[in-house]
Amino acid sequence: MKILLINGSSRPNGCTYTALREIADTLESGGAETEILFLGSGPVRDCTACRTCQKTPGRCVFDDDMVNPIIEKAREADGFVFGTPVYYAHPSGRILSVLDRVFYAGKDAFAHKPGAAVASARRAGTTATWDQMNKYFGLMQMPIITSRYWNMVHGARPEDVGKDEEGMQVMRILGKNMAWFLKCKEAGEKVGVPLPEQEQIHFTNFIRE
């Protein structure tokens, strides 16, 4: 059981990392393998909707040592946690750009695997951020893992987040719920429960002639 946690902050060891670390520690205490992947602090190219990835499945045309390696790691992962700071009541631009590209180019690496979003803020904007992140999982047919409260922590500094007792508890419960779901999925696979049968996608427009 391997869970990939992605840190969408520009700070490698900041508030978002503190939340992800609490989840990872909980998962590891239950025997899971985890990896926290930092997206870096440099500029991130966004998706240009060139659709070249439809001709080269699983690869983005912009080979920037970030998106394509994440897709490859995703193929080996059983579940995902995406963490982001809150910028003006929305996720960081870097994680949105990465999600746009990895899910468009490598959707098969994520489909039917559980995903969770975590938002970190000094004060507000977390629920709007969490809601936007969850929409990605819905499009990828990914079961959404929740906790006892919305997956968020509060604090202006990592040490503040560590003092957010409820937030840290929410992260631990999230980790336990992720592990529980993956064990249930594994048990289902062992007795032959198949993944849902897929239908060909029908694209329709709102405007009719």
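The following exchange concerns the fold and aromatic pairs of a predicted model.

Mentor: Local features in this predicted model need pLDDT of at least 70, side-chain atom pairs count only at pLDDT 80 or more, and totals for chains, interfaces and linings use all residues. Residues are numbered from 1 along each chain as its sequence is written, and side-chain values use heavy atoms, with hydrogens and water left out.

Trainee: In what order do the elements of the protein chain run from the N terminus on?

Mentor: Helices (H or I, at least four residues) and strands (E, at least two) are DSSP runs, numbered from the N terminus. The protein chain has six of each kind. Their order is β-α-β-α-β-β-α-β-α-β-α-α.

Trainee: Are the rings of F80 and F110 stacked, edge-to-face or tilted?

Mentor: Rings of Phe, Tyr and Trp (its six-membered ring) pair if their centres lie within 6.5 Å; planes under 30 degrees apart count as stacked, over 60 as edge-to-face and the rest as tilted. The centres of F80 and F110 are 4.8 Å apart and their planes lie at 45°, so the pair is tilted.

Trainee: Where do F80 and F110 lie in the chain?

Mentor: The pair links distant parts of the chain, 30 residues apart. F80 belongs to strand β3 (residues 79-87), and F110 to the loop between α3 (93-105) and β5 (115-121).

Trainee: Is F110 buried or exposed?

Mentor: Buried means under 20% relative accessible area, exposed over 50%, partly exposed in between (1.4 Å probe, protein chains only). F110 has a relative accessible area of 1%, so F110 is buried.
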